[in-house]
Amino acid sequence: MILPLTWGVLIISIIVITIISGLLLAAIFRRRRVEDSLLSRPSGGLTWVYAGVGISTLVLVATTVWTMKTLADTVLPPRETRLTIEVTGHQYWWEARYFSDKPGEIFTTANEIHIPAGEPVRFKLVGSDVIHSFWVPALGGKTDVIPGQNNITWLEADKPGIYRGQCTEYCGKQHAHMAFFVVAEPPEQFEQWRQKQIAPATPSPDLIQAVATFQTRCGVCHSVRGTPAGGKVGPDLTHIMSRGTIAAGTLPNTPGHLTGWIANPQGVKPGNLMPQIDMSGADLNAIRTFLQTLS
Amino acid sequence: MARHTQRAQTPAIVTANAELAERLHKLWEIEPGIKGFLGTVDHKEIGIRYIVTSFVFLLLGGVEALILRVQLAQPDLHVLSPETYNQLFTMHGVSMIFLYAMPVLTGFSNYLWPLLLGARDTALPRVNALSYWLYLFSGLFIYASFLFGAAPNDGWFNYVPYANHQYNPGPNIDFYSLGMIFLGISTTVSSANFVVTAMRTRAAGMSINRIPILVWGTLTSSVANLLVVPAVSLAFFLLWLDRNYGTKFFQPQSGGQPLLWQHLFWIFAHPWVYAIVLPAMGMVSDGLPIFCRRPLVGYTLVALSTMATMAIGFGVWTHHMFATGMSDLALSFFSGVSIIIAVPSAVTVFAWIATIWTGRPVFTTAFHYFAGMIALFVIGGVSGFMTGSVPVDWQLTDTYFVVAHLHYVLIGINVFPVVGAIYMWFPKVTGRLLDERIGRINFWTMFIGFNLAMFPMHISGLLGMPRRIYTYPDDVGWTAWNLITSVGAFIFAIGVLLLFHNIAVSLKRGKPAGANPWDGGTLEWAAPSPPPPYNFVVLPSVASRHPLWEDRLDDAPGRSLIDIGLALDKGRQMLGTTVIDAEPAVILQMPFDSYAPFTLAVGTAIIFIGMLYRSWPDIGIGVIVTGIALLLWLWPGRLREGSPEAANEPPFAEPGHV
Amino acid sequence: MSDVTMSDLALGHRAQGMRAPALPVGSIGSQASGYFGVWWVIITEASLFIYLLFSYAYCTMQFPGPWPPSGPPELTLASMDTLILIASSIAVALGEHAIKQGQRARLTLGLAIGCVLGIVFVAIQLKEWASKGASLSSNLYYSLYFTTTGFHMAHVAVGVLILAALTLWSALGKFDSVRNSPVSIGALYWHFVDAVWIVLFTTYYIVPRLG
């Protein structure tokens with residue numbers, strides 16, 4: 001419903017530009033009877049104003065009515081939403097918390113938001129630090145994330161697919177690298193993903209040392225459910241390997257990039273809140289090995 | 001002993017003559033040396049200072065933009081660090097919107113108004129001088145932040161909480177906050193001067209339906225500024241308190257309201273963006289007719305639509321906040337008003353087209369700019385119309401589509417008219433014409449470069465590119481458009497440089513202009529080029545909108561008098577007239593050159609520097625300097641009647657007369 | 001010269017020779033440019049207070065808890081302040097009226113009383129501030145309260161200085177029945193400051209008590 005309106009105003013705009021430019025050029029270049037004196041007794045001209053303003057006003061009023069109708073029709077989702085996701089904007093990543101009637105099925109993930117395709121999904125937008133804006137261009141308009149105020153919006157993906165989103169309110173040094181992905185899946189696939197996300201990590205016994213290293217180096221900020229690491233400052237990493245990208249859509253999630261990111265976050269995203277930690281190659285290796293088991 | 005004061009004079013009506021001219025010259029000329037440099041109150045000198053200073057800031061803002069465009073020419077470049085990028089994009093906006101766009105129009109209005117109005121100066125010349133010094137010092141204050149590596153970095157609208165001290169601990173935002181309050185004082189006093197001038201010091205017979213549209217434009221902006229500048233000054237002051245004294249206005253954790261900032265800011269900033277285009281539109285409305293050899297079509301409608309645009313403009317500010325989670329009622333209302341505000345703009349655009357259509361265009365460079373801006377106006381206008389529709393705005397806001405829109409309206413409706421105005425009035429100011437051949441190249445380079453730079457931004461915005469990002473990935477389809485924009489920006493910059501080249505060349509070797517090189521109809525073309533310090537030897541009286549065209553148009557019942565009129569040579573004197581009909585009402589005693597405005601501005605600067613350092617002693621010194629300057633400025637003078645000295649000696653400034 | 005008709009010019013030209021009417025010189029009464037100017041100063045400063053009150057109203061509407069958090073502010077000192085300002089405006093107005101009759105001594109007295117009462121206002125308000133047991137950083141309410149009343153007090157302070165200067169100039173004999181526009185200008189500003197106080201007083205002190 002928004003799309004026809006968007007096309008409508010765009011086409012109206014292009015027509016207006018064409019007509020006015022045409023009139024302007026015609027006015028400038030049209031043939032005139034050559035006058036002897038510099039100033040002839042000036043005539044008329046007001047008809048132009050009345051006609052032009054009259055037509056413009058009609059178009060403007062019609063657009064206003066169309067706008068209000070579209071607004072009324074799209075403010076609420078077309079059907080009841082079954083899923084509510086609470087999205088919290090942080091400098092410079094997105095936290096997503098999936099609600100459920102069953103408390104044991106509430107879980108938190110980050111930067112990659114899966115939704116079932118073909119149904120509207122409700123989003124509750126929570127601010128934690130500065131103002132951000134939650135926007136998936138292909139799926140809908142943007143809504144700001146404002147501390148102290150919870151905004152509600154909804155999105156629906158007609159077809160399954162991966163849809164890119166990006167923070168659209170300047171929020172600091174790494175505003176440029178605060179993307180996220182909405183992955184729309186057929187309902188059964190979504191349910192599979194959801195069940196997997198609910199489950200805690202189960203690190204194998206030979207990773208005890210790596211888990212401990214992770215806890216020391218990373219656990220203050222990051223959580224991995226199923227281990228003692230419970231930090232809430234940075235993204236939840238329980239199922240990090242299920243995501244296609246890391247660092248809020250900045251890098252592909254490959255072992256090389258993952259290592260590079262952990263070793264040099266300030267090089268990848270200068271000014272983001274993940275500190276540059278001097279760690280030995282062994283520690284880095286251990287952490288990466290552990291993370292790669294978190295699918 | 002009772003002092004007798006002069007209650008009335010019967011002013012002499014004389015024919016302009018050389019002896020009177022010489023006497024007036026001695027009375028009105030700028031004092032030589034430092035007194036004249038620091039203390040001049042001549043509106044022409046102040047106007048030129050405003051224009052030159054604003055163009056310096058334009059160049060600085062332009063360089064900032066070019067650096068940004070180098071960084072954005074390709075994906076993932078590392079020409080600039082994110083922090084540097086953020087400071088540059090912020091200062092680009094600040095420089096253009098606050099330190100160029102309004103002051104340049106203030107400069108043109110300063111220079112032209114008294115000439116257009118048939119007066120010798122504005123109504124409050126020392127206030128006028130004060131406004132310039134405050135502008136210069138506040139601009140320097142804001143730019144001084146670069147010396148500390150701490151330029152403002154939160155965009156020109158400076159949203160909280162990112163502007164709060166928790167997220168922005170350096171002095172960047174303090175420079176911006178205090179600098180803007182400082183600049184606001186300049187804007188306020190300058191606006192007050194324009195309003196009082198428009199009300200009081202017009203030529204006899206210049207009733208309100210005979211005022212040039214430039215005067216309507218600046219008058220409208222000035223009234224608006226007086227009403228809305230306090231909103232932004234307050235917002236910045238509250239922010240400064242939050243950052244430095246622990247207040248809670250914008251602290252969400254204490255119940256503070258980030259959206260309060262946005263409301264206060266946009267209540268100011270939306271009328272501001274109309275204030276920075278309406279005077280320029282007025283210059284087009286006054287200039288286009290000259291180059292179409294006929295008066296403006298629909299003068300009354302254009303004057304009314306100037307005021308209507310601003311009046312409606314007070315009621316649309318939340319269209320900058322459509323994505324913040326407003327109520328449906330508010331969304332509908334503000335969306336509707338934001339679309340309807342296009343109606344008065346349409347009046348003006350069609351009036352211009354009608355003027356061209358029914359007139360006979362003369363293809364001077366000025367005409368190119370005045371006609372070319374109409375096309376840019378329409379493109380900028382329709383992109384605004386699109387974003388006025390809320391559901392569409394939810395896609396377009398905060399993307400490069402809006403960046404395209406704002407550049408089309410600001411460059412199209414401010415910069416292009418300003419350059420056209422330079423080509424038109426340069427001869428009046430300097431006595432020489434700008435080169436028309438260079439002018440053509442100047443226009444086309446600017447026009448092509450501008451469109452090449454800005455039009456693709458509509459597309460990158462529609463493709464999802466957000467604003468204010470220092471880089472972008474290579475796989476989202478924005479690359480080609482960004483490259484084209486960057487190339488176009490440099491071409492546009494060359495165009496701007498051509499303007500300076502033309503000015504430099506023509507100052508030395510331009511063709512001598514004479515008083516009325518374009519055969520214009522309004523009063524400024526009756527004064528010599530450049531005008532003498534007193535503007536008119538005798539004060540003109542007018543019978544129509546186009547005093548110099550009356551004989552040929554033959555549509556006015558009376559005739560304006562230009563060579564015969566009031567001499568008003570008993571000191572620095574001007575005529576004060578009634579507001580609506582401009583009947584003579586009072587003889588105004590005008591001030592001589594004075595150090596008070598400069599000193600007052602210095603005192604104010606000391607106060608703001610003291611606030612920046614939170615140093616009470618410095619603030620105290622500033623207050624004392626300011627207070628003394630004010631006291632001396634306003635000290636009532638002596639008036640002596642009848643004594644032989646009084647006849648020849650210019651009286652001091654009168655009680656309450658600034 | 002005589003062929004030209006001046007019917008729509010206001011100079012009263014006649015066919016034989018031209019004469020202009022006698023015009024007053026300079027700032028007589030409400031003809032002073034400064035008088036026009038101060039009206040616009042008042043309009044812009046009034047806007048400032050409107051935005052301060054807007055901020056208060058906006059925060060009031062959005063605040064999650066009871067408002068004002070410590071209950072409505074005490075009325076005693078603020079009410080005294082209100083009466084003092086009204087009295088000072090009356091004193092100044094009477095002085096202004098007197099000088100239009102040429103009575104310089106009464107003008108000086110009226111201005112002086114107005115000035116002194118203004119100082120008393122400031123003193124009482126400082127006392128009231130101290131009695132709050134809070135500062136502008138205590139919470140959002142006090143941030144608004146102290147900033148708003150602080151802005152007003154700054155305007156009072158400027159007004160006191162204006163009245164002091166006018167008192168001095170009046171004593172020095174600068175004003176008479178014709179030349180007295182600084183008095184009108186200063187008085188207008190002072191009445192404005194008084195009016196602002198009444199609105200602030202109503203908003204901060206009375207409205208919270210209206211349920």
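Tutor: Let's start with buried area: it's the accessible area that two parts lose on being put together, summed over both. Keep in mind that this is a predicted model.

Student: Okay, which two parts should I look at in chain A?

Tutor: Try its two domains: chain A is divided into domain 1, residues 84–198, and domain 2, residues 205–291. Their C-alpha centres lie 21 Å apart.

Student: How much area do domain 1 and domain 2 of chain A bury between them?

Tutor: About 1600 Å², with 50% of it on carbon and sulfur atoms. You can also count who takes part: 19 residues of domain 1 of chain A are in contact with 20 residues of domain 2 of chain A.

Student: And how many salt bridges does the rule find across that interface?

Tutor: Zero between domain 1 and domain 2 of chain A. Polar contacts are another story: there the count is 12 residue pairs, both residues at pLDDT 80 or more.

Student: Which elements give two or more residues to domain 1's side?

Tutor: In chain A, look for strand S3 (107–110), strand S10 (179–185) and helix H3 (187–198). The residues on that side of domain 1, where chain A's domain 2 touches, split into nine nonpolar, seven polar and three charged.

Student: Now for chain B. How many helices and strands are there?

Tutor: Chain B has 21 helices and six strands. To judge how compact a chain is, compare its radius of gyration with the globule rule. Chain B comes out at 25 Å, close to the 26 Å the rule gives for 658 residues, so it is as compact as a globular protein of that length.

Student: What does the C-alpha trace of chain B span along its principal axes?

Tutor: About 80 × 65 × 50 Å.

Key
Residues numbered from 1 in each chain as written. Chains lettered and ligands numbered in written order. Predicted model: local features only at pLDDT ≥ 70, side-chain atom pairs only at ≥ 80, totals over all residues. Heavy atoms only, no water. Domains from an automatic or database assignment. Contact = heavy atoms within 4.5 Å. Buried area = accessible area lost by both parts, 1.4 Å probe. Salt bridge = Lys/Arg side-chain N within 4 Å of Asp/Glu carboxyl O. Polar contact = N/O pair within 3.5 Å; in protein donor to acceptor, adjacent residues only side chain to side chain. Helix = DSSP H or I, 4+ residues; strand = E, 2+ residues; numbered from the N terminus. Nonpolar A, V, L, I, M, F, W, Y, C, P; charged D, E, K, R; others polar. Rg over C-alpha atoms; globule rule 2.2 N^0.38 Å.
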